[in-house]
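Here are a few notes to read with the model open beside you. Take them one point at a time and find each piece as you go.

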Amino acid sequence: MEKGNAEKPLGNVTYLRLSITDRCNLRCFYCTPAEEWVKLPAPEILRYEEMLHLARVAVAQGIRKIRVTGGEPLVRRGVVEFIRELHQVQGLEEVCLTTNGVRLQELASELYDAGLRHLNLSLDTLKRERYRELTGSDNLLEVQAGLEKAASLGFHPIKINCVVLKDLNDGELPDFVQLVRERPFQVRFIEFMPTVAKGKWSRHFLPMAEVHRRLAFLGEGEPQVRQTAAGPARIFRFPGFRGELGFISPISEHQCPGCNRLRLTAAGRLRPCLFGKYEIDVKGPLRQGADDAALGRLFREAVELKAWKPEFTDPETLLACQQMARIGG
Ligand code: SAM
């Protein structure tokens with residue numbers, strides 16, 4: 001990692017994941033299970049003007065890409081206006097949204113008009129019954145309609161994040177492959193991380209090596225060059241495909257040394273590492289009137305606290321890091 005300097009105070013860290021709410025309209029068993037879910041009190045969640053203020057501070061420190069996440073970002077009132085304003089932050093080069101797509105059909109046009117183009121859709125199954133089983137909701141048709149609407153409006157890229165779950169959706173790998181054969185989407189297979197799903201992780205974890213083995217019939221793909229602010233996915237193109245396949249292995253192949261991201265939680269805390277032990281409160285100083293120089297220092301401190309190597313040896317210990325929805329994935 002390059003040391004901070006005047007132009008790049010955060011070194012290679014150029015990407016901020018911003019969780020705008022811990023609320024979600026789904027109850028995926030591995031993320032927001034109904035039985036374990038404790039919501040943040042509303043005053044604890046950053047207000048939009050506070051997030052915009054912190055976005056400007058972050059950009060002054062070298063952040064170039066902000067992903068709006070949650071919880072489910074599209075359940076927070078005013079999200080379209082917030083995304084419009086985020087696009088106006090000087091120096092910010094990329095604004096992306098990660099959504100479960102339940103409200104996408106309804107909001108896609110407004111989001112497009114607000115300037116949004118980059119969309120990540122979380123979708124682990126293409127089967128209605130399984131969708132109900134994984135998410136606790138019968139919304140697959142709405143999500144698929146939202147995806148079609150976004151594609152017809154011209155959102156690009158559209159990335160579909162699929163958490164691979166052994167004995168649940170792993171039989172659908174060929175269906176997702178077929179999807180990107182026919183459509184210009186990027187499907188990214190993601191390893192299941194042990195967060196809130198106590199006891200279920202070892203039962204449903206499928207290492208990425210096994211995913212590759214099962215997709216060996218595709219042959220060698222052509223690796224795609226990553227953009228500077230890209231995430232940890234390894235992306236491949238296959239002959240005759242309209243779309244691409246990506247592979248994200250947070251458990252079996254850590255990407256720590258090349259990590260370029262920080263996370264700002266819905267509660268206004270900066271997380272240097274997804275599974276790290278540190279969080280820095282920025283909401284407190286912001287609400288107490290800290291100036292931008294002091295807030296900028298907190299971003300630099302967060303980068304200094306990045307571990308650059310996995311801080312765990314036993315993935316099961318990650319269960320301590322409970323609330324992915326609050327962190328934003
Ligand atoms: N609600 C939005 C969505 O569904 O995209 C944004 C928040 S969600 C926490 C962000 C991503 O984290 C989703 O793609 C979700 O599948 C992923 N995620 C949550 N818990 C996970 C886990 N235990 N393992 C792997 N991915 C997980």
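1. One word first: a residue is called buried here if its relative accessible area is under 20%. With that in hand, look at helix α6, residues 173–182, where L173, F176, V177, L179 and V180 are buried. Viewed down the axis of α6, these buried residues fall within an arc of 155 degrees, so they line one face of the helix. What do the buried residues of α6 pack against? You'll find β5 (158–164), β6 (186–191), α8 (208–214) and β9 (244–248) there.

2. Now step back for the overall picture, and keep in mind that this is a predicted model. The protein has eleven helices and twelve strands. Of its 329 residues, 55% are buried. The accessible surface comes to about 14,400 Å², and carbon and sulfur atoms account for 50% of that.

3. Contacts across the sequence are worth a look too. Take the contacts between residues at least 6 apart in sequence: 73% of them join residues at least 24 apart.

4. Next, try α2, which runs over residues 79–87. Its buried residues are V79, V80, F82, I83 and L86. Around the axis they cover an arc of only 160 degrees, which puts them on the same side of α2. Packed against them are β1 (15–19), α1 (48–60), β2 (65–69), β3 and α3.

5. That brings us to α3, residues 104–113, with L104, L107, A108 and L111 buried. Down the axis of α3 they fall within an arc of 130 degrees, so they too line one face of the helix. Their cover includes α2, β3 (94–99), β4 (118–122) and α5 (140–153). Just to finish off this stretch, α3 is followed by G115, which has a positive phi, near 105 degrees.

6. Finally, how do α3 and α5 sit against each other: roughly parallel or roughly antiparallel? Two packed helices are described by the angle between their axes and the distance between the axes. For α3 and α5 the angle is about 20 degrees and the axes are 8 Å apart. Angles under 35 degrees count as roughly parallel, so α3 and α5 are roughly parallel to each other. Their crossing is right-handed. On the α3 side, the contact is made by L104, Q105, A108, S109 and Y112. On the α5 side, E142, A145, G146, L147, K149, A150 and L153 take part. Notice that L104 and A108 are also on the list of buried residues of α3.

Key: Residues numbered from 1 in each chain as written. Predicted model: local features only at pLDDT ≥ 70, side-chain atom pairs only at ≥ 80, totals over all residues. Heavy atoms only, no water. Helix = DSSP H or I, 4+ residues; strand = E, 2+ residues; numbered from the N terminus. Buried < 20%, exposed > 50% of the residue type's maximum accessible area, 1.4 Å probe, protein only. Contact = heavy atoms within 4.5 Å. Areas by Shrake-Rupley, 256 points an atom, 1.4 Å probe, with all protein chains shown as cover. Arc of directions from axis to C-beta. Axes fitted to C-alpha atoms, helices over the stretch in contact; angles between N-to-C directions. Parallel < 35°, antiparallel > 145°, perpendicular 65-115°, else oblique. Left-handed = near helix turned anticlockwise from the far one by under 90°.
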